[in-house]
Amino acid sequence: MIIKLKPALLALLLSAGLAACDGTNDSAAPAVTRKAEGVEITLKDIEVSHDVGSMGMVPTAPDGATYVHVTYALKNVSADALPFEKWPQPRLVDPAGHKFEPEIVASTTLSAASNSSWFENLNPNLSTDAHLVWKVDEKSFDRATWTLTFLSKPAVIFPLK
């Protein structure tokens, strides 16, 4: 029997199991904040590496691949609650405009390890940190030409360099 889990349920299950884990939140570069309708998004850190996280929570990237690990804060600046399902969705975008989906398990694992309630609904004036991980082809990835784009109104775009 195959069971399909919605991302919010998967996040809840992984968060419960990882609440006691010790996560890391590196911030090597100064944070950059951009605004969209009802939210502020602060890009805190971008790491490109074959390994992400601590304690082997995420396996080493296979040969020919690398991870792009982004840490960001999302703040609700609207007058209404912001349900998890309506958060602006981040995508890595290559120079040709192709949008790449994040790795769900790795992203949820790292987010839950650093903040067990990271995926909760955000009431007005509250924020949360999230970690997103993409596994990409090492040869085609170029930090100087790819961007991090949040599918919001208007779209919020961060350069990776």
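**Exercise 1. Find out which way the side chains of strand E8 point, and which of them are buried.**

Solution. Start with the residues: strand E8 covers residues 156-159, and its side chains alternate. Val 156 and Phe 158 point to one face and are buried, while Ile 157 and Pro 159 point to the other face and are not. Here, "buried" means under 20% relative accessible area, exposed means over 50%, and partly exposed is in between, using a 1.4 Å probe and protein chains only. Strands (E, at least two residues) and helices (H or I, at least four) are DSSP runs numbered from the N terminus. Now the general rule: in a regular strand, side chains alternate between the two faces of the sheet.

A quick word on what you're looking at. This is a predicted model, with residues numbered from 1 along each chain as its sequence is written. Local features need pLDDT of at least 70 and side-chain atom pairs count only at pLDDT 80 or more, while totals for chains, interfaces and linings use all residues; side-chain values use heavy atoms, with hydrogens and water left out.

**Exercise 2. Work out the order of the strands in the sheet that holds E8.**

Solution. Step one: E7 and E8 run antiparallel, joined by 4 bridges, and they make a hairpin with 4 residues between them. Two strands pair if DSSP finds at least two bridges between them. Phe 150 has Val 156 in E8 as its bridge partner.

Step two: E4 and E7 also pair in the antiparallel sense, over 5 bridges. Val 93 stands opposite Thr 147 in E7.

Step three: put it together. The 4 strands form an open sheet in the order E5-E4-E7-E8, with antiparallel pairing. E5 and E8 are the edge strands, as each pairs on one side only.

**Exercise 3. Describe the surroundings of Lys 99.**

Solution. First, place it: Lys 99 is found in strand E5 (residues 99-100). Next, list its contacts (heavy atoms within 4.5 Å). Leaving aside neighbours within four places in sequence, Lys 99 touches Arg 91, Leu 92, Val 93 and Leu 151. Finally, check a distance: the C-alpha atoms of Lys 99 and Thr 149 are separated by 8.6 Å, though the two residues are 50 apart along the chain.

**Exercise 4. Examine two of the aromatic pairs and say where their partners sit.**

Solution. The structure holds 9 aromatic pairs. Rings of Phe, Tyr and Trp (its six-membered ring) pair if their centres lie within 6.5 Å; planes under 30 degrees apart count as stacked, over 60 as edge-to-face and the rest as tilted.

Take Tyr 72 and Phe 150: they are 5.0 Å centre to centre with 70° between the planes, so the pair is edge-to-face. Tyr 72 is in strand E3 (residues 65-76) and Phe 150 in strand E7 (residues 147-151), 78 residues apart. Tyr 72 is buried at 3% relative accessible area, and Phe 150 is buried at 1%.

Now Trp 87 and Trp 118: this pair is edge-to-face too, at 6.1 Å centre to centre and 65° between the planes. Trp 87 lies in the loop between E3 and strand E4 (89-93), and Trp 118 in the loop between helix H2 (104-114) and strand E6 (127-137), 31 residues apart. Trp 87 is buried at 5%, and Trp 118 counts as buried at 7%. Last step: Phe 84, Trp 87, Trp 118 and Phe 119 form one aromatic cluster.
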